[in-house]
Amino acid sequence: MPTRDNSCPFVVEKSEVVLVKPSKPTPDVTLSLSTIDNDPNNEVILDILCVFAPNPYVQDHADYHPASFLQLALSNALVYYYPLAGKLHRRTSDQTLQLDCTEGDGVPLIKATASCTLSSLNYLESGDHLDATYQLVPSHDTLKGCNLGYRPLALQVTKFTCGGMTIGSVHSHTVCDGIGLAQFSQAILELAAGTSQPTVIPVWDRDRLTSNQISTLCKLGNDKKDPKLVDLEKAYSSPDTPTEDMVREILNITSEDITKLKNIIIEDKNLANENEKNMEITTVEVLAAYVWRARCRAMKLNPDTITDLVISVGIRSSMEPPLPEGYYGNAFTYASVALTAKELSKTRMSRLVRLIKDAKREALDNDYVWEKLREMENTMKLKLASEEIHGGVFMMLTDWRHLGLDQDVWGGLMNIIPLVPLTLPFMCVLLPASKAVPGKSGGVRVLTTLPRDAMAKFKEEMDALHP
């Protein structure tokens with residue numbers, strides 16, 4: 001975790017960690033995880049921050065702390081989500097993950113107080129205070145402290161002088177993806193608001209995405225296809241992707257900017273036929289194309305360098321049969337496009353969007369998904385990653401705009417921020433517009449990381465969007 005420097009705009013005082021246990025007895029059980037959960041590339045700890053507007057009650061009762069009312073809701077939510085209170089470890093025999101759930105398990109919770117108002121930080125809407133925000137999430141050490149493995153989740157509730165609060169979480173990506181964590185968070189907020197049970201009841205069912213299902217549902221029969229192996233450490237440390245003097249920014253893209261990009265594609269006279277001219281263009285597709293190209297131009301790559309765009313694509317509803325409502329494990333695959341830097345820089349936006357659409361369509365095909373699962377299981381035995389990543393610049397895009405954290409509790413959710421570390425410069429996240437900024441409805445915020453010099457050029461490319 002980054003150390004705080006003397007220019008930090010606020011100070012946070014933290015209490016001792018409290019282990020919050022389920023309010024009712026839960027099963028003593030050892031749970032297995034899905035193939036996607038087991039992917040070593042997903043065994044990372046994510047830091048996420050939710051920002052809530054001031055609550056009038058707290059403004060009038062200075063001694064009251066929101067951690068008090070959330071602690072009970074968390075305890076009740078863990079009756080349904082007891083695996084999140086368990087302990088994770090990998091078996092030495094086959095390198096698969098296990099989640100051990102026993103009596104006495106709980107989720108670490110930290111009660112904290114900040115020395116300023118949220119408005120003085122602009123509700124953390126921009127990237128100006130991203131380093132300082134690490135004070136608002138638990139340290140990764142909080143997940144340790146147990147003899148067997150590590151805990152998958154820890155939370156911190158921080159009260160600000162204005163009566164607003166932030167809920168910071170650190171969680172293992174192996175247990176749930178962004179949608180899964182949002183489902184759990186929504187359950188806490190609903191229970192805190194007084195409901196008797198969550199609207200969506202969680203479902204484990206991790207065997208739905210394992211080789212047991214591959215053998216019965218996969219019709220490929222393509223046993224001769226060898227998985228593509230790659231050493232991710234080498235791929236990420238390419239000479240084209242330096243890791244020193246990196247900076248992270250959150251840029252605002254207005255709804256007008258997005259409309260402008262879509263119109264550029266619609267009005268492209270080089271579109272092949274009427275079907276292409278009438279194709280539905282999503283915000284993810286058009287921003288993926290533009291941001292990918294802008295990053296490439298900003299990095300000033302060798303024209304022959306191959307650069308990859310990888311987009312996380314949810315598969316909950318596309319599976320046959322669909323995954324059950326309430327499934328909160330990792331449920332996504334990757335759509336990927338590879339071009340040389342010269343091709344990417346010169347290719348028309350309409351062509352880039354068509355390539356991205358085709359890649360997404362392939363990624364949602366059931367046979368493709370099962371083949372990727374089979375690759376993961378084969379390569380996991382060799383402790384290697386299953387995705388082929390070229391030696392050039394690699395950009396992974398994930399969309400956080402529709403996670404479902406919309407419960408109107410406390411003063412209302414104003415902002416959500418993933419604290420992507422500078423050591424993962426390939427990550428690019430689309431975020432909903434912050435409610436703290438009037439007039440930004442319908443827009444998108446883009447969180448990205450680049451070398452300092454390249455970031456300046458990247459901003460120029462993005463600024464060219466504004467009318």
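**Exercise 1. Backbone exceptions in the loops**

Asn-122 is found in the loop between strand 7 (107-114) and strand 8, and the task is to state what sign its phi angle has, and how accessible the residue is, in this predicted model.

Solution. The first step is to read the backbone angle: Asn-122 has a positive phi of about 55°, although the residue is not a glycine. The second step is to judge its surroundings, where a relative accessibility of 35% makes Asn-122 partly exposed. The third step is to look at another residue of this kind, Lys-300, which also is not a glycine and has a positive phi of about 50°. Lys-300 sits in the loop between helix 9 (283-299) and strand 11, and its relative accessibility of 70% makes it count as exposed. The last step turns from phi to omega: Glu-320 and Pro-321 are joined by a cis peptide bond, with omega at about -5°, and Pro-321 belongs to the loop between strand 11 (306-314) and strand 12 (332-340).

**Exercise 2. The cysteine pair**

Explain why Cys-116 and Cys-162 do not form a disulfide.

Solution. Begin with the chemistry: a disulfide is a covalent bond between the sulfur atoms of two cysteines. For a pair to count, the two sulfur atoms must lie within 2.5 Å. The closest cysteine sulfur to that of Cys-116 is in Cys-162, at 8.0 Å, which is too far for a bond. The search gives the same partner from the other side, since the closest cysteine sulfur to that of Cys-162 is the one in Cys-116. Burial can then be added to the description, with Cys-116 buried at a relative accessible area of 10% and Cys-162 buried at 13%. Over the whole structure, the search finds zero disulfides.

**Exercise 3. The largest cavity**

Describe the lining of the largest cavity, by element and by residue class.

Solution. Start from the count, which is three cavities of 30 Å³ or more, and then take the largest, which holds about 270 Å³ of space. There are 23 residues in its lining, and those closest to the centre are Cys-50, Leu-155, Ile-167, Ser-169 and Ser-185. Next, assign the lining to secondary structure: the elements that give two or more residues are strand 4 (45-52), helix 3 (66-80), strand 8 (153-159), strand 9 (165-172) and helix 4 (178-192). Helix 4 gives the most, with seven residues. Finally, sort by class, which yields 19 nonpolar residues, four polar ones and no charged ones.

**Exercise 4. The nonpolar cores**

Identify the residues of the largest nonpolar core that touch the most other members, and follow the contacts of Leu-70.

Solution. The largest nonpolar core has 93 residues, and the members touching the most others are Leu-70, Leu-74, Leu-84, Phe-160, Phe-184, Ile-188 and Leu-209. Helix 4 gives the most to this core, with eight residues. When residues up to four places away in sequence are set aside, Leu-70 touches Val-157, Met-165, Ile-167, Ile-188, Leu-189 and Ala-192. A second core, separate from this one, has 49 residues, including Ala-341, Val-353, Ile-356 and Val-444.

**Exercise 5. Contacts across the sequence**

Compare the environments of Leu-251 and Pro-9, taking for each its accessibility, its contacts and a partner remote in sequence.

Solution. The chain as a whole supplies the setting, with 13 helices and 16 strands and with 55% of its 467 residues buried. Among contacts with a separation of 6 or more, 82% join residues 24 or more positions apart. Leu-251, in strand 10 (residues 246-253), is buried at 13% relative accessibility. Leaving out residues up to four places away in sequence, Leu-251 touches Val-444, Arg-445, Val-446, Phe-458, Lys-459 and Met-462, and its C-alpha is 8.2 Å from that of Thr-448, although 197 residues separate the two in sequence. Pro-9, by contrast, is partly exposed, at 38% relative accessible area, and lies in the segment before strand 1 (12-14). With the same sequence neighbours left out, Pro-9 touches Leu-121, His-129 and Ala-132. Pro-9 and Ser-115 are 106 residues apart in sequence, while their C-alpha atoms are 9.2 Å apart in space.

Conventions: Residues numbered from 1 in each chain as written. Predicted model: local features only at pLDDT ≥ 70, side-chain atom pairs only at ≥ 80, totals over all residues. Heavy atoms only, no water. 1 Å grid on protein atoms, 1.4 Å probe; cavity = no way out; pocket = protein on both sides within 12 Å on 5 of 7 lines; lining within 4 Å. Points joined across faces, edges and corners; volume = space filled by probe spheres on them. Helix = DSSP H or I, 4+ residues; strand = E, 2+ residues; numbered from the N terminus. Nonpolar A, V, L, I, M, F, W, Y, C, P; charged D, E, K, R; others polar. Buried < 20%, exposed > 50% of the residue type's maximum accessible area, 1.4 Å probe, protein only. Core = buried A, V, L, I, M, F, W, Y, C linked by side-chain atoms within 4.5 Å. Contact = heavy atoms within 4.5 Å.
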